[in-house]
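Good morning, everyone, and thank you for making time for this. I would like to walk you slowly through one protein chain, beginning with its overall layout and then stopping at a few places along the way.

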Amino acid sequence: MTRKILHIDMDAFFTSVEQRDNPSLKGRPIVVGGSPEGRGVVAAASYEARKFGVKSAMPCGEAKRRCPHLIFVKSNFQKYVEASKVIRAIFKEYSDIVEPLSIDEAFIDVTTNKIGEPLASVVAKKIRAQIFEQTKLTASAGVAPCKMIAKIASDMNKPNGITVISPEKVFDFLTNLPCKKLWGVGPVTAKKLADMGIKKIGDVRNFSKVELRHILGKWGPTLHDLSFGIDPREVSSSRNLKSRGAERTFSEDLVDEEKILEKLEDLTKEISGSLKKKNYCGKTVTLKVRYEDFDTITRSKTLGSYTDEGEKIFEVAKFLMEGQTDVGLRPVRLIGVSLSNLIGENDPFQVEMDFLN
Ligand SMILES: [Mg+2]
């Protein structure tokens with residue numbers, strides 16, 4: 001079945017929030033982040049500022065040179081987070097398959113959706129209208145049979161626009177776009193391709209998968225598929241882990257505290273290993289104890305900072321066990337430990353929050 005994927009992207013999100021809340025900023029070139037003395041970098045620029053060539057990540061001094069009457073607004077990230085939560089809740093009214101890419105954009109799979117609407121473009125229209133109704137902010141949408149094209153499309157009629165690429169239009173839509181629009185093509189790959197005369201996506205199709213593999217390595221064949229609009233990546237709502245835990249039921253109930261601690265240490269090493277593999281850190285340690293009579297308790301402690309270190313997790317679990325349980329007094333049937341309140345190194349939402357902080 002052909003999939004129906006939306007990419008919804010808020011228009012100049014941070015600056016739009018500021019202009020919404022302070023009418024004197026409406027229609028004027030503003031940036032969020034940095035300072036007018038030229039320190040720091042621009043976190044976001046309004047459309048009026050972009051006309052002067054001001055963009056995000058640009059040093060503030062440079063931004064001010066390009067646009068002397070630029071207005072610097074202090075970031076209010078709490079407000080952005082609030083708006084982001086409203087938007088995400090709206091997405092969930094239409095589909096549970098939502099994959100946030102950052103604080104202000106997400107993929108939504110609406111192939112089957114909660115309002116039973118067969119036309120993805122209608123779903124997109126309703127979502128955009130509802131976002132505006134509830135936040136007074138505008139969003140742009142791309143509607144396509146795969147993620148890559150939905151994302152390209154959402155950018156084509158910005159701001160406050162929608163672009164629908166139906167399956168039969170995919171091939172022609174891609175043909176004349178520059179290669180850098182393809183998923184995974186950064187400046188380095190783009191240069192490699194350009195050196196071979198591959199400038200447009202349609203040019204990629206003149207090379208076989210074998211040739212592209214030779215030039216680009218493993219990525220080559222995928223790029224070939226992408227140039228035809230073949231992008232099987234699913235919208236993944238489970239990208240962000242909620243918690244990581246492990247537990248053991250003993251073959252016979254244990255009273256010996258030393259033995260239980262030994263097990264606990266094994267469990268924390270296990271958790272630490274799996275967190276490190278996925279590049280996640282966590283903040284809240286939860287200890288679970290089940291006594292011989294099946295009476296089960298949990299005790300938690302939240303740390304001051306994120307960790308993925310087994311030793312640290314063990315230390316906290318041990319502290320909880322010694323101070324807040326009857327381990328050593330009552331026989332224990334099961335012991336478990338988990339780490340929650342996780343953030344991933346690759347979680348763009350978190351990265352942006354850290355940036356604004
Ligand atoms: Mg945006």
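Let me begin with the inventory: the secondary structure of this protein chain comes to 14 helices and 13 strands. Please keep in mind throughout that what we are looking at is a predicted model. The mean pLDDT of the chain is 91, and 95% of its residues reach 70 or more. One stretch to treat with caution is residues 350-357, where pLDDT stays under 50 and for which the model has nine contacts beyond four places in sequence.

As for overall dimensions, the C-alpha atoms fill a box of roughly 70 × 55 × 45 Å when it is taken along the principal axes. The chain has 357 residues, and buried residues make up 36% of them. If we take the contacts between residues at least 6 apart in sequence, 61% of them join residues that are at least 24 apart.

How is the chain divided into domains? There is domain 1, covering 1-169, then domain 2, covering 184-227, and finally domain 3, covering 243-341. Between the C-alpha centres of domain 1 and domain 3 there is a separation of 42 Å.

Let us turn to the interior. The largest nonpolar core has 66 residues, and the members that touch the most others are Leu6, Val31, Ala44, Ile108, Val143 and Ala150. Helix 4, which spans residues 77-94, supplies the largest share of this core, namely six residues. The core draws at least three residues from each of domain 1 and domain 2. There is also a second, separate core of 21 residues, and among its members are Val316, Leu320, Met321 and Leu339.

I would like to stay for a moment with Ala44, one of those well-connected core members. Once we leave aside its neighbours within four places in sequence, Ala44 is in contact with Ala12, Phe13, Phe14, Thr15, Val31, Val32, Gly33 and Ser56.

That brings us to an open sheet of three strands, whose order is 3-2-4 and whose pairing is mixed. At the edges are strand 3, residues 44-45, and strand 4, residues 71-73, each of which pairs on one side only. Strand 2, residues 30-32, runs parallel to strand 4, and three bridges join the two. Within that pairing, Val32 has Val73 of strand 4 as its bridge partner. Helix 1, residues 13-21, packs on this sheet and touches strand 2, strand 3 and strand 4, while its direction makes about 115° with that of strand 2.

Moving on to strands later in the chain, strand 10, residues 280-291, and strand 11, residues 296-307, run antiparallel and are joined by eight bridges. One bridge pair to look for is Thr286 with Ser300 in strand 11. These two strands form a hairpin with four residues between them, and Phe294, in the turn, has a positive phi of about 75°. Strand 10 is also joined by eight bridges to strand 12, residues 332-340, and that pair runs antiparallel as well. Here Val285 has Leu339 as its bridge partner in strand 12.

Now, is Ala246, in strand 9, buried or partly exposed? Ala246 counts as partly exposed, because it has 18 C-beta neighbours inside 10 Å, and a residue needs 20 or more to be called buried. Its C-alpha atom is separated by 5.7 Å from that of Gly336, although the two residues are 90 residues apart along the chain. By contrast, Leu342 lies in the loop between strand 12 and strand 13, and it is buried, because 21 other C-beta atoms lie within 10 Å.

Finally, a few details of the backbone. A cis peptide bond, with omega of about -10°, joins Lys158 and Pro159, and Pro159 is found in the loop between helix 6 and strand 8. Asn160 is found in that loop too, and its phi is near 55°, a positive value in a residue other than glycine. Ala57, in the loop between helix 2 and helix 3, also has a positive phi, near 75°. Ala57 is exposed, with 11 other C-beta atoms within 10 Å, whereas Asn160, with 13, is partly exposed.

Thank you for listening; I am happy to go back to any part of the picture.

Note on methods
Residues are numbered from 1 along each chain as its sequence is written. This is a predicted model: local features need pLDDT of at least 70, side-chain atom pairs count only at pLDDT 80 or more; totals for chains, interfaces and linings use all residues. A nonpolar core is a set of buried Ala, Val, Leu, Ile, Met, Phe, Trp, Tyr and Cys residues joined through C-beta atoms within 7 Å. A residue is buried if 20 or more other C-beta atoms lie within 10 Å of its own, exposed if 12 or fewer, and partly exposed in between; C-beta atoms are placed from the backbone. Domain bounds come from an automatic or database domain assignment. Two residues are in contact if their C-beta atoms, placed from the backbone, lie within 7 Å. pLDDT is the predictor's confidence in each residue, from 0 to 100. Two strands pair if DSSP finds at least two bridges between them. Axes are lines fitted to C-alpha atoms, for helices over the stretch in contact, and angles run from 0 to 180 degrees between N-to-C directions.
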